[in-house]
Amino acid sequence: MQPERQSFSAWLATGQALAQRLRQISRATGWMERLAVLSTGYHPDPEREQQEPTYYDYPALKEPVWRWEIVWYFFLGGLAAGCYFIASLAALFGDAEDRATRRTGYYLSLLALLPCPLLLIKDLGRPERFLNMLRMFKVRSPMSMGVWCLVSFSFFSGLSALIQAARDQWLGRWWGARWLARLPQRLLALPGMALALFLGGYTGVLLATTSIPLWSRSKMLGAVFISSAISTSSALIALVLRLSAAPAAALHKLERLEWGALLSELLALFAFLRGSGRAARALVGSGPAEYGPRFWRFVAIGGLLLPWLLQTRLLLTRRAHGEAATTGAATKQPERSRVRFSGLLLSLLVLIGGYFLRRTIIEAGHSSSRDARTTLWHARAAR
């Protein structure tokens with residue numbers, strides 16, 4: 001118990017030092033503006049922007065009507081897609097110790113998917129509108145393809161979870177459960193993974209097809225959402241495995257996957273901001289109608305950069321101490337992971353950052369639609 005207390009104290013001291021440093025940075029004047037200029041490459045010129053022609057400063061676009069239902073749909077849909085993708089990877093290429101990852105991923109995918117149709121129906125206002133969207137199939141319409149992908153993915157996610165439940169004997173021992181347990185789960189994995197990737201990224205593509213400058217200026221929003229779906233899902237599965245004392249080898253693989261997904265998300269987000277330029281001011285700026293304070297604190301720093309640095313430290317520390325990620329040779333029993341405060345904190349930070357990423361992008365899009373000058377600038381630059 002003494003090493004555990006020392007480890008907890010060390011991580012607590014590190015967290016307090018980081019929090020103090022963040023408070024010092026927050027009190028510094030203009031730090032958000034410097035980050036906004038660095039990330040977007042755009043230097044604001046208020047005098048020149050005020051001289052740009054507009055129609056009496058009236059917004060040129062109609063403000064989106066999306067509310068909290070879409071934010072949660074984007075977040076839960078990404079979790080459902082990412083959990084299924086990770087579970088299928090474990091089913092296709094994992095070993096015996098990865099069964100916990102496969103089992104947890106399939107169950108979490110179905111649980112995250114269940115509220116998604118209800119959220120869509122509530123956002124549409126009338127249930128029959130959701131059914132009307134199933135009457136047509138348009139390849140060039142991200143909304144039509146998204147609805148059909150949600151329906152198709154629901155079949156694979158639900159059936160994979162049922163097969164797993166039958167194999168875990170959660171459905172009893174009657175003939176139907178035995179029949180389900182014999183179904184080839186791996187054959188469902190490949191088409192299910194393709195649909196999962198589409199579901200995780202189509203929401204970003206859907207936003208990019210609108211006329212909102214923040215959403216449509218760059219074409220990297222789909223890549224941001226896909227990488228975020230993988231990072232948040234790996235964090236969620238790792239959180240459950242830590243609490244259930246799953247095999248340490250499976251947890252170590254998830255940590256490496258989470259590290260790579262966070263790095264990919266950071267790079268994709270930076271490419272999105274650089275490609276958006278001036279249009280990204282609504283997301284990263286510190287003005288009255290800009291969401292930079294929330295974005296930098298909860299998404300870029302608290303939800304991505306800080307977890308990635310802590311995950312890097314964990315992986316380097318484990319390598320330096322020679323912690324094995326394989327089964328014990330002497331006991332021939334898999335090493336069980338221990339509940340660590342640092343690991344739980346990492347998972348929670350990534351999940352909170354993934355939620356605020358989608359919420360901030362949606363709300364900043366509302367603000368971007370009201371910016372008449374940026375809208376007309378975007379229209380002229382797109383010609």
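On disulfides, the count in this structure, which is a predicted model, is zero. A disulfide is a covalent bond between the sulfur atoms of two cysteines. Two cysteines deserve mention here. Cys116 is buried, with a relative accessible area of 0%. Cys149 also counts as buried, at 4% relative accessibility.

I turn next to Ile230, which is found in helix 12, residues 221-243. At 14% relative accessibility, Ile230 counts as buried, because the cut-off for that term is under 20%. Which residues are in contact with Ile230, once its neighbours within four places in sequence are left aside? They are Gly82, Phe85, Ile86, Leu257 and Ala261. Of these, Phe85 stands 145 residues from Ile230 in sequence, yet the C-alpha atoms of the two are 8.0 Å apart in space.

Helix 17 comprises residues 372-381, and its buried residues are Ala372, Arg373, Thr374, Thr375 and His378. The elements that cover these buried residues include helix 3 (46-50), helix 11 (213-216) and helix 16 (341-369). At the N-terminal end of helix 17, Asp371 acts as a cap: one of its side-chain oxygens lies 3.4 Å from the backbone nitrogen of Arg373.

Finally, I come to the surface. Leu162, Trp170, Leu171, Trp174, Trp175 and Trp179 make a nonpolar surface patch of about 770 Å². Is Trp175, a member of this patch, buried or exposed? Trp175 is exposed, because its relative accessible area is 62% and the term applies over 50%. Trp175 lies in helix 9, which spans residues 175-181.

Terms used:
Residues are numbered from 1 along each chain as its sequence is written. This is a predicted model: local features need pLDDT of at least 70, side-chain atom pairs count only at pLDDT 80 or more; totals for chains, interfaces and linings use all residues. Side-chain values use heavy atoms; hydrogens and water are left out. Patches are made of residues with over 30% relative accessible area and no salt bridge: like charges are joined within 9 Å, nonpolar side chains (Val, Leu, Ile, Met, Phe, Trp, Tyr) within 5 Å. Accessible areas come from the Shrake-Rupley method with a 1.4 Å probe; for residues, only the protein chains shown count as cover. A salt bridge is a side-chain nitrogen of Lys or Arg within 4 Å of a carboxyl oxygen of Asp or Glu. Helices (H or I, at least four residues) and strands (E, at least two) are DSSP runs, numbered from the N terminus. Buried means under 20% relative accessible area, exposed over 50%, partly exposed in between (1.4 Å probe, protein chains only). Contact means heavy atoms within 4.5 Å. A polar contact is a pair of N or O atoms within 3.5 Å; within protein, one must be able to donate a hydrogen and the other to accept it, and residues adjacent in sequence count only if both atoms are side-chain atoms. A disulfide is a pair of cysteine sulfur atoms within 2.5 Å.
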